[in-house]
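Please load the coordinates in your viewer and keep the sequence panel open beside them. The stops below are meant to be followed in order, with one selection made at each.

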Amino acid sequence: MAAAGIALIALVSACGATGSQAAPGTIAVVAAENQYGNVAAQIGGKDVSVTSIESNPNTDPHTYEVSPSVAEDVGAAQVVVQNGLGYDDYMTKIESASPSQTRKVINVQNLLARPDSTPNPHLWYDPTTMPKVANALAADYSALKPADASYFTANATQFIASLNPWLQAIADFKADNTRTPVATTEPVADYMLQAAGADNLTPFRFQADIMNGVDPSPQDISLQDNLFAQHKVKVFVYNEQVTDTLTQTFISDAHSAHIPVIGVYETMPTPGFTYQSWMLAEVNALQKAVADGVSTQSL
Amino acid sequence: MAASLSPLIEPGFFSNLPVQTALVVGGVVAVVSGIVGTFTVMRGQSFAGHSLADIGTAGGSAAFLVGISPLFGFVAMNLMAAGVMEWIGIRRPRGRDLATGIVLGAALGLAALFLYLDSTASSTTGATINVLFGSIFTLPSSMVPVIAVFSVVAAGIVLAMYRPLILSSISSDLATAQGIPVRLVGIGYLAALAVAVSLSAVTIGAILSTALLVGPAATALRLTNRPGRAAAFAAVIGLVATWLGVLLAYDSYYWFPTTGGWPVSFFVVTLIFLMYLASQVRFRPRSGVQRRSTLTEAG
């Protein structure tokens, strides 16, 4: 029913598309999440008009519901960037509802060759992800606008170089701290925590339950409680975009046990951040939490 | 004793904080539901009871939106709905289903809106499952006193007007003839019902709360004809189903190590249903006798 509705809307937009907001002469790009949109804009520069679908830091992208204007944007897009791994399945539905021979789709899951069974969909926290996305974007842009190919390649090179402060911060953290024990609510920043050598003591089953919006088992809740009460972790990393009574309880438990709390985001907080500065800010928050015991609940 | 139960009770059951809260809250709520539900069945208001529970979803989901406990939303919405139902004519047997159905439809429309807003405009992920199917293991222990107060209110209303309520539940004409303010008793009862279904909504969920309200009461009324005894039986049946359900949900964590167990609402509702089936098999209907003997007791 919903799929049929999307299909209908997409069909209408395919027939009567006015080209969305794309400025004339630019490549129309749609990114499912604004972190990919930000990178897409950095690589494309003056040649692209980027629309990001999910950019509201107060909502959970996992439960995103599509509006008609999204179908219209995707229908008119020349390049689409989506995460994959079930995180933004609606994109695939909209794309197949308005088929296009020329639209280029960058599915980050496929780009990284991750199997569908990959439990943690938050790929952009993995330091190896965005360089590949940047290069894929440069290649697709170059195919659409060959005259500016060297411009796109230069932008990609510059972008990849600009990730260095973040990568350095991760490396420094890892060098300073061996297997820092942490607790989390969801696997949002797990790839980054892993890269930083942290040891996530929250069972993945618990993180997946919170991510999927179902109740964790009492055993896992109790285990998590004890991580705070018995001071087994040095930091509590929670998903700033998904809070409920249970996660609020954990936040206050962590505070009363004097364990620093840091909030991480599923989509890039706006305004004032680029992908690079956001990622760096999150590692800095982790560093400050472990070194100085400082909480950073929002960026 | 403890040793002989060990195959049934997995380790850590009684020392687990979420379990302790669930046993206390679930127990209190089961007792209240049993007492109030007995009169629901006697008065033939099962549909109203079920509808109030469903209507509560609008309140519960609105509570998520403003960031307070769903219980307050359930209670506020159900009391309002009970008032409207009374006003449009729940007293008249012919208008009763209509009044209930109209209010139910309108409230479910609101619930659809609020649940949509919960997932798109605020950072709550589990709202839908939490409101519809309950979340007893994630109840903060700070809610226990609040639940206790509401329980005392609901049970108190029923017990305070015990005799007139029984009489007007059996025959409103007879009650009127005896000078009982039947309408006032009806309003008071509806208020108690509204609070009772709100309480069971936070334990096993809004759409399942009828099971706890009507199931144990219907089973109890198979076992005895006396209203007082039936209410006591219903309370015990509800209590056993809830506690056993909590235990099975806890144990099921060990049956399914990867996913971490089945929801407690499923076990509670299934146990209630099985007990009702068992009562059907064991006790043959004695409809003729039942009516006369309840009348004698009331008179």
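Is H10(B) mostly covered or mostly uncovered, and how many of its residues are buried? Bear in mind, before answering, that this is a predicted model. Select residues 182–204 of chain B, which make up helix H10, and colour them by burial: the helix is mostly covered, with 17 of its 23 residues counted as buried.

With the selection still active, turn to the length of the helix. At 1.5 Å a residue, the 23 residues of helix H10 of chain B should span 33 Å, and because the C-alpha atoms at its two ends are 32 Å apart, the model agrees with that expectation. Then step just past the end of H10(B) to B:Gly205, where the backbone takes a positive phi of about 100°.

Next, select the whole of chain B and show it as a cartoon. The chain holds 14 helices and zero strands, and reading along the sequence therefore gives nothing but α in the pattern α-α-α-α-α-α-α-α-α-α-α-α-α-α. Of the 299 residues of chain B, 50% count as buried, and among its contacts between residues at least 6 apart in sequence, 75% join residues at least 24 apart.

Now bring chain A into view and select the residues on either side of the boundary. Here 24 residues of chain B are in contact with 26 residues of chain A. On the chain B side, the elements that give two or more residues are helix H2 (17–42), helix H5 (93–121) and helix H12 (227–255), and the largest share, four residues, comes from H5(B). If you colour this side of chain B by residue class, you should find eleven nonpolar and 13 polar residues, with no charged residues.

For the last stop, hide chain B and select chain A alone, which has 13 helices and eight strands. The radius of gyration of chain A is 20 Å, close to the 19 Å that the globule rule gives for 299 residues, so the chain is as compact as a globular protein of that length. Along the principal axes, the C-alpha atoms of chain A fill a box of roughly 60 × 45 × 35 Å. Colouring chain A by burial shows that 49% of its 299 residues count as buried, while residues 24 or more positions apart account for 67% of the contacts in chain A with a separation of 6 or more.

Conventions
Residues are numbered from 1 along each chain as its sequence is written. Chains are lettered from A and ligands numbered from 1 in the order in which they are written. This is a predicted model: local features need pLDDT of at least 70, side-chain atom pairs count only at pLDDT 80 or more; totals for chains, interfaces and linings use all residues. The expected span of a helix is 1.5 Å times one less than its number of residues. A residue is buried if 20 or more other C-beta atoms lie within 10 Å of its own, exposed if 12 or fewer, and partly exposed in between; C-beta atoms are placed from the backbone. Two residues are in contact if their C-beta atoms, placed from the backbone, lie within 7 Å. Ala, Val, Leu, Ile, Met, Phe, Trp, Tyr, Cys and Pro count as nonpolar, Asp, Glu, Lys and Arg as charged, and the others, Gly among them, as polar. The radius of gyration is taken over C-alpha atoms; the globule rule is 2.2 Å times the number of residues to the power 0.38.
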